[in-house]
Amino acid sequence: MLSNRESARRSRMKKQKQMDDLTSEITRLEMSNNQLQQGIEVKERGYAEIESRNNVMRAQVMELTDRLQSLNSVLQIFEEVSGLAVDIPEIPDPLLRPWQVSYPTQLIPASSDMFLG
């Protein structure tokens with residue numbers, strides 16, 4: 001009878017230790033999960049901010065492209081009226097190939113004299 005009691009006590013202690021270990025594991029996993037969720041939320045906010053900036057830039061590109069087309073139209077009219085040949089550059093569409101650089105990679109020096117005379 002004493003042996004049975006001791007065996008039952010050891011069994012209860014073993015089950016209690018397993019329960020404590022599992023409770024610790026649950027706590028650790030919950031903390032890890034919370035950290036991951038916070039990281040995801042930070043990334044989602046960052047993504048939303050970048051997406052918003054990209055939308056603004058896309059709108060600016062569209063507006064600048066429209067302006068450039070208008071200026072090219074003025075150049076074409078000037079060319080027709082004056083009879084002088086004007087080099088009218090083709091307008092690239094950066095929205096179709098955003099990974100390609102649409103400007104020269106070589107720096108072009110500029111001075112205020114270029115625009116005054």
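A salt bridge, as counted here, is a side-chain nitrogen of Lys or Arg lying within 4 Å of a carboxyl oxygen of Asp or Glu. By this rule the predicted model holds seven salt bridges, and some of them appear in the close-up views described below.

**View 1. The whole chain, with its two helices and no strands.** The chain contains 117 residues, and buried residues make up 1% of them. Its accessible surface comes to about 11,100 Å², and 59% of that area belongs to carbon and sulfur atoms. Helix H1 covers residues 2–82, while helix H2 covers residues 113–116, with a loop running between the two helices.

**View 2. Helix H1 from end to end, and the glycine that follows it.** With 81 residues at 1.5 Å a residue, H1 should span 120 Å, and its end C-alpha atoms are in fact 118 Å apart, so the expected and the computed lengths agree. Just after H1 comes Gly83, whose phi is positive, at about 80 degrees.

**View 3. The salt bridge between Glu6 and Arg10 in helix H1.** The closest N and O atoms of Glu6 and Arg10 are 3.8 Å apart, which places the pair inside the 4 Å limit for a salt bridge. The two residues stand four places apart in helix H1, so that about one helical turn separates Glu6 from Arg10. In general, an α-helix has 3.6 residues a turn, and therefore residues three or four places apart point the same way. Glu6 counts as partly exposed, at 30% relative accessibility, and Arg10 is also partly exposed, with a relative accessible area of 48%.

**View 4. The salt bridge between Glu49 and Arg53, also in helix H1.** Here the closest N and O atoms are 2.6 Å apart, and the two partners again lie four residues from one another, about one turn of the helix. Glu49 counts as partly exposed because its relative accessibility of 42% falls between the limits of 20% for buried and 50% for exposed residues.

**View 5. The salt bridge between Glu51 and Arg58, followed by a network of shared partners.** Glu51 and Arg58 form a salt bridge in which the closest N and O atoms are 3.9 Å apart. Glu51 is partly exposed, with a relative accessible area of 29%, and Arg58 is partly exposed as well, with a relative accessible area of 39%. Elsewhere, Glu6, Arg9 and Arg10 are joined into one network by salt bridges that share partners.

**View 6. Asn72 in helix H1 and Glu90 in the loop that follows.** Asn72 lies within helix H1, and this residue is buried, because its relative accessible area of 9% is under the 20% limit. Leaving aside residues up to four places away in sequence, Asn72 touches Ile88, Pro89 and Ile91. Glu90 has its place in the loop between H1 and helix H2, and in contrast to buried Asn72, Glu90 is exposed, with a relative accessible area of 75%. Although Glu90 and Asn72 are 18 residues apart in sequence, their C-alpha atoms are 9.0 Å apart in space.

Terms used:
Residues numbered from 1 in each chain as written. Predicted model: local features only at pLDDT ≥ 70, side-chain atom pairs only at ≥ 80, totals over all residues. Heavy atoms only, no water. Buried < 20%, exposed > 50% of the residue type's maximum accessible area, 1.4 Å probe, protein only. Contact = heavy atoms within 4.5 Å. Areas by Shrake-Rupley, 256 points an atom, 1.4 Å probe, with all protein chains shown as cover. Expected span 1.5 Å × (residues − 1).
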